[in-house]
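Open the model in your viewer and keep the sequence panel beside it. This tour moves from one selection to the next.

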Amino acid sequence: MDEVRPTSGAPAHGLVPMFPPGLQAIYGECRRLYPEQANPLQVTAIVKYWLGGPDPLDYISMYRSAGSPAQDIQEHWHYVSFGLSDLYGDNRVHELKRETGETAPPTWPAELMQGLARYVFQSENTFCSGDHISWHSPLDNSESRIQHMLLTEDPQMQPVLTPFGTVSFLQIVGVCTEELQAAQQWNGQGILELMRGVRLAGGPWLITDMRRGETIFDIDPHLQQERVDQGIETEGSNLSGVSAKCVWDDLSRPPEDEEDSRSICIGSQPRRLSEKDTEQIRETLRKGLEFNTKAALPPISSQRPSHDRPQSRKDSLESESSAAIVPHELVRTRQLESVHLKFNQESGTLLPLCLRGRLLHGRHFTYKSINGDTAITFVSTGVEGAFATEEHPYAAHGPWLQILLTEEFVEQMLGDLHELNTREETKLPKEYSWPEKKLKISVLPDTVFDNPLQ
């Protein structure tokens, strides 16, 4: 449970000595930025998370920022959180436009930040600049179009050095659905850069205005879309995987052949992924992130980008600790003759992204089921270390399926799946089939996945 109360603040000549060194360093940065606000309004977790409390963030301070008239940056509220990852290098900030006549900051951003922190603590996944967060609901529970988030470096807070290492500050930026989709198709940093150039969309400091009714594409339809399309064409997408509602069926053998077949059907109890395969899926995405830097939320895994290696069109599915995939001793690699993939609508609409933004750029894309251990990884012929091959394009380790697609087949699929590119709702169920390739894809209603026994 949280309470809103003013803090005692720090004396003008120094920091509060009772705080741990990490907190002192962060408070010092806040004092540098807001020297006149020694006692900001603060949300405090009464029962700390490590003592069984529900909220991982110990404190969220709320500052009133005057903006920057010279840069045409409006007045706003600036939220700074403390305690995520125990100050081992991650903090969360949020900048929110201050409404006319508003004398106290709203508390819903603090609740939102606590929700994101709970996800980080429970999933053991971390966020990086450029990540996107699919929220699917107005951030302030209103009728706002701002229903998702992008993450970037805070433009005002400088990284600080603590006894536990360097702490950097990530800013949460509220975005519309169309802007989130563009970030998925291309990359979060590219969309954020476009937003910085549009005052109504946030301007240089990317200030979130929950009353914003227009996307950057509404404000500047031709220029913005052209820049996104050009980015996708030249750079591809840096989204290497998502958690999704998905399953796959092995159509090569009868479903009742459970001992020899890996048939994963809705309503069946999937076999658990081995620890080795689970780690390999994580390494798969980490390798993708080394080249493409950002993950999705909920990410299957994340790792800060590496800039030590030159970029290459060839992506890799190899583990950093191994030059090749070694199957778990009890889970052999099986080649399948025919497969049926099933996705809900949201996951299905990402198929063009997977094909156009990833495979045509020599990369891979993974769907990890949120309802079980099922995983589906699409790979191109340029990806190294995959256990699917051109001779056997469908292969599985237990419930992890890999599908290798040639560039020619990808182009064919893009033409057949063109309606998934539209923003209009597709009438479901929808089925796509390539008999000569022995591949079938179904896009099904959420209820099929949510109520598997019906």
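Select Leu341 and Ile441. Ile441, in E21, is the bridge partner of Leu341. This is a predicted model.

Now widen the selection to both strands. Take residues 339-344 for strand E15 and residues 439-444 for strand E21. The two pair in the parallel sense, over six bridges.

Which strands complete the sheet? Add E12 and E20: the order is E12-E15-E21-E20. The four strands form an open sheet with mixed pairing. Look at the edges next. Strand E12 (246-250) stands at one and strand E20 (430-434) at the other. Each has a single partner strand, so one side of each is left without a neighbour in the sheet. From one strand to the next, the twist averages 15°.

Select residues 407-416. This is helix H10, which lies across E20 and E21. Helix H10 runs at about 150° to E20.

Jump to residues 221-235, helix H6, and pick out Gln225 there. Is Gln225 buried or partly exposed? Gln225 counts as partly exposed, because its relative accessibility is 27%. Add Ala182 to the selection. Gln225 and Ala182 are 43 residues apart in sequence, and their C-alpha atoms are 8.9 Å apart in space.

Finally, show the whole protein chain. How many helices and strands does it have? The protein chain has eleven helices and 21 strands. Of its 454 residues, 55% count as buried. Switch on the surface: the protein chain exposes about 20,400 Å². Carbon and sulfur atoms supply 49% of that area. Among contacts with a separation of 6 or more, 65% come from residues 24 or more positions apart.

Definitions and conventions:
Residues numbered from 1 in each chain as written. Predicted model: local features only at pLDDT ≥ 70, side-chain atom pairs only at ≥ 80, totals over all residues. Heavy atoms only, no water. Buried < 20%, exposed > 50% of the residue type's maximum accessible area, 1.4 Å probe, protein only. Contact = heavy atoms within 4.5 Å. Areas by Shrake-Rupley, 256 points an atom, 1.4 Å probe, with all protein chains shown as cover. Pairing = 2+ DSSP bridges. Axes fitted to C-alpha atoms, helices over the stretch in contact; angles between N-to-C directions.
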